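Good morning, everyone, and thank you for making the time. I would like to walk you slowly through one structure today, so please have it open in front of you as I speak.

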Amino acid sequence: MSKKSIGILILVIIGIIITIIILDFLGNRPNNRGDNPYEYNVEEFKAVDASLIHYKETKNIPLGDIIARGMDIFKGDIYITGQNFLQVIQINGVKKLNVELEETGICLLVKEEFIIVGLQQKIILFDHEGQILNSWMPDKETTYITSLAMKDDILYVADAGNRRVLRYNIDGTYIGEFEGKSESEAGHGFIIPSPHFDLVVNSYDELWVVNPGKHALENYTDEGDLRGFWESSSMKIEGFTGCCNPAEIAVLSNGSFVTAEKGGMVRIKIYSQSGQLESVVAAPEKFVEEGKAPEVKVDENDIIYALDFDKKMIRVFEKK
Amino acid sequence: MKNSLSKIFLFLIFTFLFLGVYGQNRFPKPEFDSGYEQPSPTKPEPRSNAMEILDVFVLLAALSLSSWLAIKKRSRQGILWLSIFSIIYFGFYREGCVCSVGAIQNVALAFFDSGYKISLTILAFFLLPLIFALFFGRSFCAGVCPLGAIQDLLVINPISVPSWIRKTLDFVPYLYLGFAVLFAATGTDFIICRYDPFIGIFRMNAPYIMIILGIAFLLLGMFFARPYCRAFCPYGVLLNWMSKVSKWHMTITPDECIKCKLCEPSCPFDAIEIPIDEKERTEDTVRKNVRRFSIYAILIPLWMLAGGFAISKAHVFLSRANPDVFLAELMITNPELIDDTENLDIQTFLESGKTMEQLVEEASVIRMKFKKGGWFLGAFLGLVIGVMVMNQFKMRKQDIYEPHKGNCFSCARCMDFCPVEKKI
Amino acid sequence: MLISGIFTLFIASLLIFNFWHMKKNDPIENEIIATFVERLASDPRNEEIMVEIRNLDLLARKAYFTSIWQVNVGSYILLFAGIIFALALKINTDLRRKITLPEGSDEKLFPSRIISQRWLLISGLTIIGFALLAGFLGKDQLKNFSPQHAAAFSRDSIDESIEVIQLVDPEANPVLTTDTPVENGQAEDNTNANEISIPAASASSKTYYGIEDFKKNQNTFRGALGHGISYSKNIPVDWDGASGKNIKWKVATTKSGFNSPVIWEDKIFISGGDKTARIVSCFDRHKGQLIWEKEVKDIPGSPAAPPRTTDDTGLAAPTMAVDGYYVYAIFGTGDIIAFDLDGNRIWARNLGVPDNHYGHSSSLIVWENKLIVQYDSGKGGRMLVLYTETGETIWDIKRPNLISWSSPILVDDKGKMQVVTSTDPYVAGYDLETGNELWKVECMMGEVAPSPGYYNGLIYATNEYAILAAIDPAAGPAVVWENDEYLAEVSSPVASDGILYIATSYGVLVAYDALTGEKYWEHEFNNGFYSSPMVADGKLYIIDMGGVMHIISADKTGNIIGQPELGEDGYALPAFADNRLYFRTNTSLYCIEEE
Amino acid sequence: MAEEKKLNRRDFIQNGARITAGVSIVGVGVVAATKSSKDKYVWQIDPAKCTQCGRCATDCVKNPSAVKCVHAYDVCGYCDLCGGYFKPGMNALQTGAENQLCPTAAIERRFIEEPYFEYIIDEDLCIACGLCVKGCGAFGNGSFQLQIRHDLCDNCNECAIARVCPSDAISRIPANQAYIIKGESVANDES
């Protein structure tokens with residue numbers, strides 16, 4: 001090869017080298033990168049038909065710094081509990097009561113005579129002035145209390161840690177418990193992959209318990225016998241998806257269920273007592289992506305309150 | 001790279017915080033009736049510390065052997081075999097990492113980032129070749145550095161380039177070194193590692209664009225011997241300094257030079273200094289050169305000042321290499337990108353919960369570092385240019401054939417060409 | 001040789017083809033499968049489609065992993081072929097090479113050096129040129145960033161129709177605490193529990209020290225009520241840290257902090273802190289002995305890992321307050337604590353970890369039974385007043401301002417105390433009793449660190465990039481005069497005897513007529529000021545960032561009286577007492593007295 | 001005589017320069033040594049920060065990536081309907097390819113007992129695309145996570161995926177605790 005051709009070859013190669021370096025450098029800039037070929041896409045399931053949405057958001061109450069975990073509505077006041085507190089807030093935002101708790105309150109239930117707060121492993125009864133009336137602890141160390149409900153004088157306590165529902169008298173005496181298991185095929189017991197395990201008593205005095213692992217709502221007798229259930233497993237709007245949904249439920253005065261889901265698609269929906277989707281309260285777009293399930297409660301006027309943990313506020317939904 | 005590299009300990013704290021929040025996920029598992037036992041995830045161990053120490057010892061042994069072969073044994077054959085060993089061990093077995101060249105960046109980062117801990121192995125890889133160069137010349141380049149060795153083996157038909165090209169190319173490594181240190185010190189990028197042309201070949205696995213880069217360099221090396229070492233290698237700059245003042249540098253001839261000229265074409269790297277034609281050293285040129293020398297010597301501070309000013313002026317531009325700065329600016333200039341769901345960097349940032357103010361604050365801090373660093377870098381480059389220009393008029397007497405102590409790679413090729421035998 | 005060369009080329013091109021192929025054949029990118037999946041969605045029971053998909057999928061996966069395998073094997077073969085090719089080439093050229101005498105370089109030494117020199121010059125100048133070009137073309141977009149801008153980046157699109165209700169703690173309903181916290185017992189472990197149960201709002205029978213006592217003791221940041229004036233007499237003007245001249249005593253401090261010492265009678269207090277611990281120390285003012293030192297710990301709600309702060313703020317930036325009975329300290333962790341003067345812990349609580357990117361630095365101020373805490377953070381403005389006896393909240397207001405680093409001052413408005421704060425975007429006065437906002441003027445912006453100044457009914461507020469404003473709250477409120485020539489970044493304004501002093505972070509100290517804004521004099525020093533000036537004994541004392549104390553006559557002449565230095569960095573204010581000056585550096589506490 | 005003197009002077013300068021160079025190396029060495037640590041450091045992904053952007057699959061210098069999906073069984077709910085295994089909107093809860101989320105079928109679903117299933121990752125097939133991690137995080141307990149496998153990782157001086165990671169989730173950690181597995185690290189931290 002002649003010197004000249006070698007020289008040209010060298011120049012060409014140097015050109016290639018410089019081009020490569022520049023290409024590589026620019027190719028990695030944030031505005032120049034290609035899309036992710038492995039994108040996980042659930043957008044089509046997130047879209048909700050607007051005609052299904054029968055509710056509108058009317059009020060927001062930002063909670064600021066406090067970390068709330070549980071909420072209940074009673075006579076127009078909002079009761080919240082969370083990291084070391086129990087607070088009562090009037091609907092106009094004025095705090096009525098603030099009680100310090102030794103631990104984080106997880107759930108609460110307000111009745112005429114008292115306020116019941118569930119800590120992880122303890123149940124405390126307060127009067128409406130914030131004085132402790134009574135408190136007791138369930139027997140097992142793995143207890144993880146997630147929900148409370150009352151029927152007549154019996155307190156139902158959802159213990160997600162042991163997959164059971166406990167029954168107590170209001171003075172703290174243990175009456176019994178059930179795990180939802182039975183000989184029949186339907187009685188597979190509660191499947192609770194993560195600490196979401198909710199129960200309610202509706203206006204017909206029926207106890208409904210969520211079986212999140214089965215995407216089911218189950219109706220039990222006082223003794224713990226399965227009386228009826230419905231389940232709906234689907235990623236579409238009609239059903240529940242993921243490992244443990246619905247994570248939170250509440251009941252309207254007509255017995256319909258308000259359900260809240262966690263995870264990739266946070267949404268609040270209303271199902272009839274028999275499990276038919278009636279309407280949608282809030283579509284996933286209203287919530288943080290991959291968020292926690294909001295705690296939902298209903299007041300006497302069937303106004304729905306949602307405690308949004310990700311946005312740290314109480315959101316109020318009213319019928320359009 | 002980003003800043004995360006340095007924040008090992010902070011990161012541990014973060015983990016802890018995270019687990020505090022999501023601790024609820026650790027939930028009692030199902031009780032299995034079928035006697036199922038939960039497996040635990042396997043954790044293949046990283047390469048052990050002992051093996052790292054072994055690497056240091058192999059480096060030490062290879063350096064000693066290379067020095068001995070070049071200076072005592074004077075054996076090109078030996079160095080050739082050593083370089084094959086180095087390619088196999090440091091290249092293909094160790095996959096080009098850990099390497100002395102890249103260690104510059106770790107050292108730079110350790111100097112400027114208090115949170116960054118440099119491992120002793122890397123420090124040893126950085127220091128040992130320099131110490132050897134101080135005593136024995138660039139024996140590291142001769143047959144220990146896998147990057148050099150692979151190019152050295154592919155020197156097929158080296159052409160001799162005019163000295164002005166060489167002298168100009170000599171400046172590029174300084175530039176590369178300067179920027180590598182600036183980028184490493186600001187926690188922006190490790191450009192030496194990122195654009196290491198041969199690492200893809202050693203790993204036999206790389207983005208294909210980088211493999212093409214490696215092949216391009218090798219092809220280039222067939223005609224312009226050791227292109228990376230001579231025109232890019234930032235570590236070569238440090239070795240060059242050390243080697244210039246080395247105590248026992250290798251010589252072409254075992255004894256007295258008889259100026260037979262035979263060795264002249266032997267060096268593919270044009271590193272042999274040939275005797276100066278005394279006829280050219282007329283009194284007139286000498287006087288002229290002395291004058292120029294002194295003028296350019298006086299100009300050096302000016303160079304430094306100009307360089308510092310210019311590069312620190314360019315800090316805005318340079319700092320865009322930093323991903324944080326780039327992202328911050330991108331979002332300020334193109335706020336509409338927030339709605340671009342395909343832009344992962346921006347979407348991830350928005351989801352991270354970090355505020356824009358924090359990002360801008362961090363970016364400004366990095367930018368300021370670039371401004372300050374720009375002064376140092378510019379002054380350094382100015383100094384280098386100034387000294388290089390000045391040195392063109394250095395009137396050193398040269399009456400025998402000897403290797404240029406800075407540029408010589410101690411590859412021992414020239415020795416075979418020397419007809420002189422060692423006197424007993 | 002030729003054969004090996006061709007072989008190498010062949011393998012290389014195969015490999016490149018494979019790379020390209022692999023890009024196309026990404027297993028999930030397969031479009032045929034995608035169409036089948038779509039069809040399946042409309043016909044979920046169709047077994048045929050399922051089988052089809054499964055087969056195709058299997059094929060695609062197989063192809064993917066084969067191509068990876070091919071790349072691996074191919075690169076080994078390529079390597080091998082490359083080695084053979086290189087060897088062949090080498091042997092080939094070596095065979096052809098004969099030892100020849102060099103044809104003798106035709107390059108002349110000196111002329112070629114001139115060319116090299118020229119090219120080096122060219123490349124050097126090119127680089128400088130490019131750098132300058134890049135410098136002039138590169139516009140610093142970060143500077144364009146403004147808080148308004150930031151709003152665009154918050155993702156929440158707020159639905160206008162939603163009513164947002166803010167939580168309020170009404171004064172009418174003081175916060176109740178029940179006995180529950182006692183169960184875990186940490187809150188008040190070593191306290192004198194006798195007075196705790198007094199409700200916050202009710203008055204105590206204790207007589208509190210008043211303004212005359214505060215004037216004698218520099219009990220808060222910038223002296224009595226935070227006005228920056230010391231009433232002590234005979235303050236030293238000359239000392240030297242290096243020779244020890246006029247240094248009465250010097251004592252090492254346990255932990256560093258940027259807070260200034262506070263004094264009550266014979267005691268002097270400082271706080272300090274780092275990641276590991278926060279402390280409050282009390283020294284004998286006359287002898288320099290440590291009397292007590294207490295660690296601030298075991299506070300419910302206190303974070304396990306303190307929040308990050310910058311080095312020039314740290315966790316103990318706010319100055320303490322002392323009211324003659326108790327000494328109060330607040331830290332960057334949100335912990336606030338009270339000790340009595342003998343070091344017994346009275347109460348402690350955590351106000352919530354502040355979201356502050358430098359670190360919380362607003363100092364405390366105390367009046368009668370009320371401890372005022374300015375607690376603006378990244379989450380928004382907040383100010384609270386705590387009951388000094390128990391630490392219970394008397395009032396706690398959320399304010400619509402942004403984060404700040406300034407400290408509140410107190411202003412006596414016809415016998416009623418007002419709290420005045422300077423924040424972004426406004427300067428405002430609050431009723432100390434109720435927390436009601438009495439007036440506000442929107443004139444500040446940016447990261448407000450200077451505290452307000454006060455003289456003769458006028459409030460002075462300033463911040464860099466904002467303005468210097470003299471505000472008369474009684475007149476509307478109205479800005480009486482303003483100026484933007486010299487603006488302080490951190491240092492707070494102080495006014496005394498009709499003269500207002502401003503110290504900037506770039507080293508200018510300037511004096512204005514406090515009532516009209518007319519400039520009397522200015523001095524420019526080498527080092528900038530972060531510390532605030534204080535007027536004492538007719539002289540202005542201010543320390544610069546280089547550790548030099550500038551002492552200037554506090555009058556219209558502005559004569560420099562002295563510039564002594566300790567030879568140690570210090571950013572805190574000095575504490576003044578009769579004949580004495582106390583000064584805190586990073587490592588030590590000094591007492592200076594002229595012999 | 002003059003010649004000799006000149007030579008001596010040159011030697012002297014050379015010696016001086018050599019000592020200077022030597023001192024500066026030692027200086028750099030000592031300063032760097034004060035900032036050094038005997039521990040080896042390796043790159044690892046913090047699952048808490050990871051957002052499964054997919055760049056681990058495309059940007060690792062290894063092909064397939066040295067990052068693999070690791071199953072933290074401690075956190076797993078053993079669900080029948082696994083968000084990490086099934087495609088969104090899957091046809092049926094079956095192992096058929098049309099229902100699987102994983103593009104390379106690297107997850108094995110194994111029946112344990114009603115109603116629990118075990119999910120096992122075949123790392124040879126895993127390409128670290130993060131799809132299953134995303135799915136499990138979104139609709140499950142988040143027991144799948146991406147981790148750099150150190151038998152595959154070259155431990156580059158500058159990790160190519162750390163450079164492009166949008167969430168800064170990759171950093172160096174001491175080699176003696178080379179993995180951050182969800183659930184487990186809680187136990188470690190607490191003990």
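Before I name any residue, let me say that helices here are DSSP runs of H or I of at least four residues, numbered from the N terminus. With that numbering in hand, A:I16 can be placed in helix 1 of chain A. Please keep in mind throughout that what you see is a predicted model.

Let me stay with A:I16 for a moment, and ask how far it is open to the outside: is A:I16 buried or partly exposed? Its relative accessible area is 36%, and because buried means under 20% and exposed means over 50%, A:I16 counts as partly exposed. This residue belongs to a nonpolar surface patch of about 410 Å², which it makes together with A:I8, A:V12, B:Y208 and B:I212. Two elements give two or more residues each to that patch, namely helix 1 of chain A, which covers residues 3-27, and helix 12 of chain B, which covers residues 208-223. The largest share, three residues, comes from helix 1 of chain A. As a general point, an α-helix has 3.6 residues a turn, so residues three or four places apart point the same way.

Let us now turn from the surface to the inside. In soluble globular proteins, nonpolar side chains tend to be buried together. In this model the largest nonpolar core has 154 residues, and the ones with the most contacts inside it are B:F126, B:F198, B:Y228 and B:Y235. Helix 19 of chain B, residues 356-391, gives the most to this core, with 13 residues. There is also a second, separate core of 37 residues, which includes C:V296, C:F331, C:I337 and C:L432. If you would like one residue to look at, choose B:F198, which, setting aside residues up to four places away in sequence, touches B:L147, B:I150, B:Q151, B:G214, B:F217, B:L218 and B:Y228.

Another enclosed element is helix 17 of chain B, residues 323-333. Ten of its eleven residues are buried, so this helix is largely enclosed by the rest of the structure. The buried residues include B:D324 and B:E329 as well as B:F326 and B:L330. At the N-terminal end of helix 17, B:N322 acts as a cap, with a side-chain oxygen 2.8 Å from the backbone nitrogen of B:D324.

Next come the charged side chains. Side chains of opposite charge can pair when their charged atoms come close. How many salt bridges are found over all chains? A search of the whole structure gives 53, and I will show you three of them.

The first pair is B:D270 with B:R230, which meet at 3.5 Å, N to O. B:D270 sits in the loop between helix 14 and strand 2 of chain B, while B:R230 sits in helix 13, and the two are 40 residues apart. Both B:D270 and B:R230 are buried.

The second pair is C:D140 with B:R367, at 2.3 Å, N to O. C:D140 lies in the loop between helix 4 and helix 5 of chain C, and B:R367 lies in helix 19 of chain B, so this pair joins two chains. C:D140 is buried, with a relative accessible area of 15%, and B:R367 is buried too, at 1%.

The third pair is D:D80 with D:R109, at 2.8 Å, N to O. D:D80 is in the loop between strand 3 and strand 4 of chain D and D:R109 is in strand 4, so the bridge ties together parts that are 29 residues apart in sequence. Here D:D80 is partly exposed at 27% relative accessibility, whereas D:R109 is buried at 14%.

Let me go back to the loop between helix 14 and strand 2 of chain B, where B:P268 is also found. B:P268 counts as buried, at 5% relative accessibility. Its C-alpha atom is 7.8 Å from that of B:V155, although the two residues are 113 apart along the chain. Apart from neighbours within four places in sequence, B:P268 contacts B:V155, B:P158, B:A225, B:R230 and B:R413.

I will finish with chain C as a whole. It has seven helices and 34 strands, and buried residues make up 54% of its 595 residues.

Terms used: Residues are numbered from 1 along each chain as its sequence is written. Chains are lettered from A and ligands numbered from 1 in the order in which they are written. This is a predicted model: local features need pLDDT of at least 70, side-chain atom pairs count only at pLDDT 80 or more; totals for chains, interfaces and linings use all residues. Side-chain values use heavy atoms; hydrogens and water are left out. Patches are made of residues with over 30% relative accessible area and no salt bridge: like charges are joined within 9 Å, nonpolar side chains (Val, Leu, Ile, Met, Phe, Trp, Tyr) within 5 Å. Accessible areas come from the Shrake-Rupley method with a 1.4 Å probe; for residues, only the protein chains shown count as cover. A salt bridge is a side-chain nitrogen of Lys or Arg within 4 Å of a carboxyl oxygen of Asp or Glu. Buried means under 20% relative accessible area, exposed over 50%, partly exposed in between (1.4 Å probe, protein chains only). A polar contact is a pair of N or O atoms within 3.5 Å; within protein, one must be able to donate a hydrogen and the other to accept it, and residues adjacent in sequence count only if both atoms are side-chain atoms. A nonpolar core is a set of buried Ala, Val, Leu, Ile, Met, Phe, Trp, Tyr and Cys residues joined through side-chain atoms within 4.5 Å. Contact means heavy atoms within 4.5 Å.
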